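I opened the notebook to jot down what I could look up, one item at a time. Here is how it went.

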Amino acid sequence: MTSRQIISEFILEPGTGKAIELLKGQILRIEQVEGGQCADFNCFNLHDYKEFMHCGRTRTVHGFHPTTGTFMWSAPPRERAMLYILEDTVGRNDVLFPRCSAYVYEAAYGFAVHTNCHDIQAEAQREYGLTPDDVHDSFNLFMCTGVDEDGHAFMTRQTSKPGDYVDLLALMDVLTVPNVCGADVMKTSNFALKPLKLTVSAASDVDLAKVPSVPILASQRTPKDFRNPIIKTDRPLRRDPAYKAEFPNTPIVITELPIRLTREEVAMFNAVKRTDIYGDDDAAALRDLLFSWWEERFLQAHAGAPAIGNP
Amino acid sequence: MTKIVKLRLNQQQLELIDRTIAQGVAVDRETLVRLALREYAAARKADTVVETAR
């Protein structure tokens with residue numbers, strides 16, 4: 001396809017959200033109408049809701065503010081790239097904060113009822129049979145956040161303008177759930193609730209060619225690989241008397257590996273070993289050095305991130 | 001004076017260093033550890049020189 005073809009358009013009114021099916025190769029544009037509005041966003045594998053977008057995995061791979069050229073990943077053990085951020089005209093999104101909730105507005109502000117992203121997400125995805133317990137931490141589009149010196153996450157005002165947008169390209173069939181963030185008494189959306197425009201399009205060949213390749217690995221497991229693939233349908237937890245633990249690579253077995261260091265090597269080791277952590281335990285200090293060296297020499301991305309290459 | 005340090009590694013850690021050896025980085029485990037020490041120390045020495053020069 002040489003150009004994008006618009007499939008549907010929708011205005012998301014303040015206080016609301018919408019579950020939208022987005023098939024592989026389709027693009028969801030989330031666009032500012034008046035500017036300054038945060039959009040909380042979640043998504044599920046359309047054919048298996050137990051696979052869902054995971055902010056923890058996404059922030060490990062792409063940092064606290066994923067933008068153009070990054071992916072939204074599903075939770076372990078699936079860990080697949082679900083969506084690709086094709087374009088982002090602002091470049092400031094958040095995966096630090098969870099969705100805001102009714103509890104926050106009651107505890108901090110005294111509201112008996114208040115628009116909040118958890119309940120909006122829950123109500124929107126109810127159209128597809130999901131429950132409030134199925135809402136996951138949201139990817140917060142246009143939300144301006146950071147971490148202060150004490151290690152606390154903070155949010156501040158945003159600078160998005162009318163017409164700013166984020167384009168999300170589906171890499172698998174997904175149910176997307178965007179919502180207008182319910183926070184009007186916080187800085188998140190500059191103290192107002194405003195509509196957002198949603199547009200679903202079929203991607204062009206140019207769009208599809210922009211997606212970098214990501215590795216497909218054996219560790220990306222699906223229910224066919226699970227020892228227990230059955231979704232539990234009742235609420236209480238009861239011990240399975242037939243359970244027998246099968247943890248991988250256990251028992252952990254230690255092997256001693258003597259390393260004879262020359263005088264020169266002893267001097268090198270003494271100069272760099274981490275006595276601040278390991279004291280006089282040279283074996284632990286040398287093990288630290290060995291794997292620290294390995295990380296520096298062989299890791300191709302941030303710790304825990306896959307190597308993402310060109311298409 | 002030479003010194004023997006008895007590294008204690010589990011099977012997963014040994015698998016990683018054995019795969020690294022299989023890539024041709026070193027001929028055996030002890031050689032790999034000594035290469036790691038030399039490269040790690042050299043990198044810190046270079047860092048120190050840069051810091052001192054500033």
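**Entry 1: chain B**

I counted the elements of chain B and got two helices and one strand. Going from the N terminus, they come in the order β-α-α. I kept in mind that this is a predicted model.

Next I looked up how much of chain B is buried. Of its 54 residues, 19% are in that class.

Then I checked helix H1(B). H1(B) is 12 residues long, and its first and last C-alpha atoms are 16 Å apart, close to the 16 Å expected at 1.5 Å a residue. A side note for myself on helices: an α-helix has 3.6 residues a turn, so residues three or four places apart point the same way. After H1(B) comes Gly24(B), and its phi is positive, near 95 degrees.

**Entry 2: where the two chains touch**

How many residues does each chain put into the contact? I found 28 residues from chain A and 26 residues from chain B. On the chain B side, strand S1 (3-10), helix H1 (11-22) and helix H2 (29-53) each give at least two residues. H2(B) supplies the largest share of that side, with 11 residues. I also sorted the chain B side by class and got 12 nonpolar, nine charged and five polar residues.

The two chains also share strand pairing. Strand S14 of chain A, residues 254-261, is joined to S1(B) by eight bridges, and the two run antiparallel. I picked one position to look at: Arg8(B) in S1(B) stands opposite Glu256(A). Another reminder for the margin: strands of a sheet pair through backbone hydrogen bonds, either parallel or antiparallel.

**Entry 3: chain A overall**

I moved on to chain A, which has 14 strands and seven helices. Its C-alpha trace spans about 70 × 55 × 50 Å along the principal axes. Chain A has 311 residues, and 35% of them count as buried.

I also looked at contacts in chain A between residues at least 6 apart in sequence. Of these, 73% join residues at least 24 apart.

The domain assignment splits out domain 1 (5-216) and domain 2 (247-295) in chain A. I noted 44 Å between the C-alpha centres of domain 1 and domain 2 of chain A.

**Entry 4: the open sheet**

In what order do the six strands of the open sheet in chain A come? I wrote it down as S1-S13-S3-S11-S7-S6, with antiparallel pairing. Strand S1 (5-12) and strand S6 (71-73) of chain A are the edge strands, since each pairs on one side only. From one strand to the next, the twist averages 20 degrees.

I zoomed in on the S6(A) end. S6(A) is joined to strand S7 of chain A, residues 81-88, by three antiparallel bridges. There, Trp73(A) has Ala81(A) in S7(A) as its bridge partner.

**Entry 5: Pro98(A)**

I followed chain A past S7 and stopped at Pro98(A), in the loop between S7 and helix H2 (102-109) of chain A. Why does Pro98(A) count as partly exposed? Pro98(A) has 17 C-beta neighbours inside 10 Å, and a residue needs 20 or more to be buried, or 12 or fewer to be exposed. I also looked up a separation: the C-alpha atoms of Pro98(A) and Gln220(A) are 25 Å apart, with their places 122 residues apart along the chain.

**Entry 6: a hairpin and Met155(A)**

I finished with strands S9 and S10 of chain A. Four bridges join S9(A), residues 144-147, to S10(A), residues 153-156, and the two run antiparallel. They form a hairpin with five residues between them, and in the turn Gly151(A) has a positive phi of about 90 degrees. One bridge pair I looked up is Gly146(A) with Phe154(A) in S10(A).

Met155(A) is in strand S10 of chain A too. Is Met155(A) buried or exposed? Met155(A) is buried, because 20 other C-beta atoms lie within 10 Å. Leaving aside neighbours within four places in sequence, Met155(A) is in contact with residues including Phe97(A), Met143(A), Met186(A) and Lys187(A). Last lookup: Asp94(A) is 61 residues from Met155(A) along the chain, and their C-alpha atoms are separated by 9.3 Å.

Methods. Residues numbered from 1 in each chain as written. Chains lettered and ligands numbered in written order. Predicted model: local features only at pLDDT ≥ 70, side-chain atom pairs only at ≥ 80, totals over all residues. Contact = placed C-beta atoms within 7 Å. Nonpolar A, V, L, I, M, F, W, Y, C, P; charged D, E, K, R; others polar. Pairing = 2+ DSSP bridges. Domains from an automatic or database assignment. Expected span 1.5 Å × (residues − 1). Axes fitted to C-alpha atoms, helices over the stretch in contact; angles between N-to-C directions.
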